[in-house]
Amino acid sequence: MRLKYGEAEERFREELVAWLEEHAPPPEVMRRPKRSSADLSDWSRKWQRTLFEHGWLVPGWPPELGGRNASAAETMIYFEELSRREIHRSLNPQGIGIVAPSIRDYGTPEQQERFLVPTLRAEIAWCIGMSEPGAGSDLASLSTRAVLDGDRFVVNGQKVWTSGAHQADWCVCFVRTDPEAPKHKGISALLIDMKTAGVECRPFPELSEPDYLDFNEVFFTDAAVPVENLLGELHHGWAITQGSLAHERAMLWIDYAYDAQRCVQSLIALGEQPGPNGAPLREDAHFRDTVANFYVDAQALMLLGYRGFSKFMRGRASPEHSLLKLYGSETVQRCLAAGMEAQGADGLDTTVYGPSLWREGSWAVQWLRSFAGTIPGGTSEIQRNIIAERVLGLPRR
Ligand SMILES: Cc1cc2nc3c(=O)[nH]c(=O)nc-3n(C[C@H](O)[C@H](O)[C@H](O)COP(=O)(O)OP(=O)(O)OC[C@H]3O[C@@H](n4cnc5c(N)ncnc54)[C@H](O)[C@@H]3O)c2cc1C
């Protein structure tokens, strides 16, 4: 059993680290407050474009698409180094992480020409219209309707939780085009210009940070979408939700693993502060047990992640994605709750906000933010269902 990368891969890491040290914006710029997940500020556009031009934006892709044909192991190293340094590739993560791969895989040559490179070069910001008031975990129940009328679709309905919609230029929107078909089969994906007449965004604040407006309700009232903006085949949009949306999933656990490690370090630092009885928290036996337990969780998470990744490299299907999503997001959440609890009533302070999860903001604010890990991309309960049914072979509910 070999638990390290090869020499060529380590050279890739050295090249990347040297490049990041020369080009990456300093942490204080990276942590500047942003207004939404489609808020491409000037510095972030410039940074994303620099990554693109140097082949470090999507390393596994060819140079003309911002990459360098990196292997899976090299791409893993890339995510390790970015995550370790808390460097974001883009301030519109859904644009490069989900939309660009979807257009590359399913777009027509014209769509690729029009959208792919401009998205990668941070000229276009995207939002994703999937969830609706009656369709979240059960996405296939979505009811936003698109009716083909000559050379356009006419869209009516409502989306919700649409991150960054009010600042996005375009939306990949999942709509029902065949209401008679079984629910997974009558769905299509449309590329919708957010300036289209009949598209209305209503942003609403988050519990963790009233000034940060990311979530939106998006209403479509007779919005006309040209037929050439259909992404993929008519009525076959479900494949897109299952295909491109899973891009890079095999490597996203690394963020949870580093977050869990940072969280343990934050708990250790918290130990220096006086607890509710006045003595430093590190002297409290329960607190010490708690920190040690989270250290074990953080280590286990890292090892479980690499085990899944090694299976992925050998082309073997692995259930680790669900395990890691569940274990990673909930470990971070429980760790934050422990830090909050250790401080007694002071731990409930939600008035201290900050742009960084780890360095600023009270524990209570960070704990509230941690729900952004346990809900999207399949809630914790959905992950448990998957593990129970597909890994353990238990009957479906
Ligand atoms: C930070 C964040 C960003 C998001 N960004 C976007 C976005 O950009 N675009 C977008 O379209 N959506 C977005 N979402 C929405 C997200 O995809 C949904 O919140 C998620 O799919 C859950 O759907 P729901 O909120 O409707 O909850 P529901 O599906 O209604 O679930 C409610 C509760 O019931 C549980 N539950 C549901 N079904 C089952 C089941 N079968 N078995 C057991 N328990 C079940 C759930 O786990 C949950 O606890 C975002 C959400 C968050 C938190």
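Visitor: What makes a residue one of those that surround the ligand, and which are the closest?

Guide: In this predicted model, a residue counts as near the ligand if its C-beta atom, placed from the backbone, lies within 6 Å of it; 17 residues surround the ligand, and the closest are Met130, Gly136, Ser137, Thr379 and Glu381. Strand β1 (126–129) and helix α13 each supply at least two residues of this shell.

Visitor: How do you know where the ligand lies with respect to domain 2 and domain 3?

Guide: Domain 2 (126–237) and domain 3 (248–391) both give residues to the shell around the ligand, so the ligand lies between them.

Visitor: What makes a shell residue polar, and how does the shell divide?

Guide: Gly counts as polar, along with the residues that are in neither the nonpolar nor the charged group, and the shell divides into eight nonpolar, eight polar and one charged.

Visitor: Helix α13 also packs with helix α10; how do you know which residues make that contact?

Guide: Two residues are in contact if their C-beta atoms lie within 7 Å, and the contact is made by Ser322, Leu323, Lys325, Leu326, Ser329 and Glu330 of α10 together with Ser380, Gln383, Arg384, Ile386 and Ile387 of α13. These residues divide into four nonpolar, four polar and three charged.

Visitor: At what angle do α10 and α13 pack, and what is the handedness of the crossing?

Guide: Helix α10 (residues 320–342) and helix α13 (residues 380–391) pack at about 145°, with their axes 9 Å apart, and their crossing is left-handed.

Conventions
Residues are numbered from 1 along each chain as its sequence is written. This is a predicted model: local features need pLDDT of at least 70, side-chain atom pairs count only at pLDDT 80 or more; totals for chains, interfaces and linings use all residues. Axes are lines fitted to C-alpha atoms, for helices over the stretch in contact, and angles run from 0 to 180 degrees between N-to-C directions. Helices (H or I, at least four residues) and strands (E, at least two) are DSSP runs, numbered from the N terminus. A crossing is left-handed if the near helix is turned anticlockwise from the far one by less than a right angle, and right-handed if clockwise. Domain bounds come from an automatic or database domain assignment.
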